[in-house]
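Colleague: Please take a close look at one single part of this model, and go through the side chains there one contact at a time. I would like a connected account rather than a list.

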Amino acid sequence: MTYATDRLHEEIAYVAFHFHWSQDEILDLEHHDRRRYTDRIASLVAGTGS
């Protein structure tokens, strides 16, 4: 199973925008770690994270 390219690009843009990480740094993350960061950013943006 492959991960949808559009979804991957969305995750890269999201993490890069909020954390100012490079594309290479984000792509070096394992999928589950990248998803964890996107979920964490979303909770911080929504004001539900601590």
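Modeller: In this predicted model, F19, W21 and Y37 come together as one aromatic cluster, and I will begin there before turning to the helix that contributes Y37. Searching the whole structure yields three aromatic pairs. In one of them, the ring centres of F19 and W21 are 5.0 Å apart and the ring planes meet at 50°, so this pair is classed as tilted. F19 has a relative accessible area of 27% and is therefore partly exposed, falling between the 20% limit for buried and the 50% limit for exposed. W21, with a relative accessible area of 27%, is likewise partly exposed. W21 also pairs with Y37, here in an edge-to-face arrangement with 5.0 Å from centre to centre and 80° between the planes. This second pair links distant parts of the chain, since W21 sits in the loop between α1 and α2 while Y37 belongs to helix α3, 16 residues apart. Y37 is partly exposed too, at a relative accessible area of 31%.

Helix α3 itself runs over residues 31–46, and its 16 residues reach 23 Å from the first C-alpha to the last, which is close to the 22 Å expected at 1.5 Å a residue. Its buried residues are R34, T38, I41 and S43, and the buried residues of α3 pack against α1 (5–19) and α2 (23–27). After the helix comes G47, which has a positive phi, near 80°.

R34 leads on to the charged contacts, of which the structure has six that count as salt bridges. E11 forms one of these with R34, with 2.7 Å between the closest N and O atoms. Because E11 lies in helix α1 and R34 in helix α3, this salt bridge ties together parts that are 23 residues apart in sequence. Both partners, E11 and R34, are buried. E11 forms a salt bridge with R35 as well, where the closest N and O atoms are 3.2 Å apart. Here too E11 is in helix α1 and its partner R35 in helix α3, so that this pair joins parts 24 residues apart in sequence. The surroundings of these two partners can be put in numbers: E11 has 1% relative accessibility and so counts as buried, under the 20% limit, whereas R35 is partly exposed, with a relative accessible area of 22%. Both E11 and its partners R34 and R35 belong to a network of salt bridges, in which R7, E10 and D39 are also linked.

Another salt bridge stays within the helix. D33 and R36, both in α3, are three residues apart, about one turn of the helix, and their closest N and O atoms lie 3.3 Å from each other. D33, at 21% relative accessibility, counts as partly exposed because 20% is the limit below which a residue is called buried. R36, with a relative accessible area of 52%, is exposed.

Taken as a whole, helix α3 offers Y37 to the aromatic pair with W21, R34 and R35 to the salt bridges with E11 of helix α1, and D33 and R36 to a salt bridge of its own.

Terms used:
Residues are numbered from 1 along each chain as its sequence is written. This is a predicted model: local features need pLDDT of at least 70, side-chain atom pairs count only at pLDDT 80 or more; totals for chains, interfaces and linings use all residues. Side-chain values use heavy atoms; hydrogens and water are left out. Helices (H or I, at least four residues) and strands (E, at least two) are DSSP runs, numbered from the N terminus. The expected span of a helix is 1.5 Å times one less than its number of residues. Buried means under 20% relative accessible area, exposed over 50%, partly exposed in between (1.4 Å probe, protein chains only). Contact means heavy atoms within 4.5 Å. Rings of Phe, Tyr and Trp (its six-membered ring) pair if their centres lie within 6.5 Å; planes under 30 degrees apart count as stacked, over 60 as edge-to-face and the rest as tilted. A salt bridge is a side-chain nitrogen of Lys or Arg within 4 Å of a carboxyl oxygen of Asp or Glu.
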